[in-house]
Amino acid sequence: MLDDLDIKVLRKLQQNGRTKRNELAEEVNLSIPSLSERLRKLEENKVIEGYYAKLNRHVFGYDIMAFIVVIMDSSKNYDKLTEHVKKTPEILECYSVLGEGSHIMKAVAKNTEELEKLLGKIQSWPGVTRTVTSFVLSTIKETTSLDI
C-alpha cells in the first residue's frame, strides 16, 4: 500500500505538518503535482487523518489536565456516553478500554472548581457508577508521531 516515497513524505509531515508543498516536494525529489496527488491519495485512504495546530492550553487558562477513568454499570448506555463525550469540549480524548473501567478520558479544566463540575457532570451520565481521576503534574512525552 505505501511505498518508500510515501513513508518519506509522511515522516517529513510528522516532523513539521506545516511544511509547504514546494519545500516538501523538493525534499523528497517529486514535482509539486506528483506530491499533491500522493497527498490526496494518502488523505483519501485515511493514512493522513488531518492536520492540526497544537495549542498551549495554559495560554487559554486551562491549568489542569486530568485523566478520568469511567466505570459503567453495563454497556447498554455506551451510545449515550459517546454522545455526551462528543458534546463536552473539556474532554480532549476518550478511549473505550478493557481492564480497569470502561473508558479513559483526557480532560482539561481552568481550575479545580471547573474540574469538580466536569466530574459531577460525567458522574450524572446514565450508566456511570464511578470515576477515578488522576491529575497531570507534568508532561514528559506527548506526541502523535508514529515510528514508520
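Q: At about what angle does α4 run to β3?
A: This is a predicted model: local features need pLDDT of at least 70, side-chain atom pairs count only at pLDDT 80 or more, and totals for chains, interfaces and linings use all residues. Residues are numbered from 1 along each chain as its sequence is written, and side-chain values use heavy atoms, leaving out hydrogens and water. Helix α4 lies across β1, β2, β3 and β4. Its angle to β3 (0 to 180 degrees between N-to-C directions, axes fitted to C-alpha atoms, for helices over the stretch in contact) is about 20°.

Q: Which strands are the edge strands of the sheet?
A: The open sheet has four strands, in the order β2-β3-β1-β4, with antiparallel pairing (at least two DSSP bridges between two strands). An edge strand pairs on one side only. That picks out β2 and β4.

Q: How many bridges link β2 and β3?
A: Strand β2 covers residues 91-96 and runs antiparallel to β3. Lys 106 in β3 is the bridge partner of Glu 93. Across the strands β1 and β3, Lys 106 also stands opposite Phe 67. The count for β2 and β3 is five bridges.

Q: Which residue in the turn of the β2-β3 hairpin has a positive phi?
A: Six residues lie between the two strands of this hairpin. One in the turn has a phi of about 110°. That residue is Gly 99.

Q: Why is β3 described as largely enclosed by the rest of the structure?
A: Strand β3 has seven residues. It is largely enclosed because most of its count is buried (under 20% relative accessible area, 1.4 Å probe, protein chains only): six of the seven residues.

Q: Which element gives the most to the largest nonpolar core?
A: This core (buried Ala, Val, Leu, Ile, Met, Phe, Trp, Tyr and Cys joined through side-chain atoms within 4.5 Å) has 17 residues; those with the most contacts inside it include Ile 68, Leu 81 and Trp 125. Helices (H or I, at least four residues) and strands (E, at least two) are DSSP runs. β1 (64-72), α4 (78-86), β3 (103-109) and α5 (112-123) each supply at least two residues. With five residues, the top contributor is β1.

Q: How many residues are in the other core?
A: Leaving aside neighbours within four places in sequence, Trp 125 is in contact (heavy atoms within 4.5 Å) with residues including Leu 81, His 84 and Met 105. Apart from the largest core lies another, which includes Val 9, Leu 13, Leu 30 and Ile 48. Its count is 11 residues.

Note on methods:
Buried means under 20% relative accessible area, exposed over 50%, partly exposed in between (1.4 Å probe, protein chains only).
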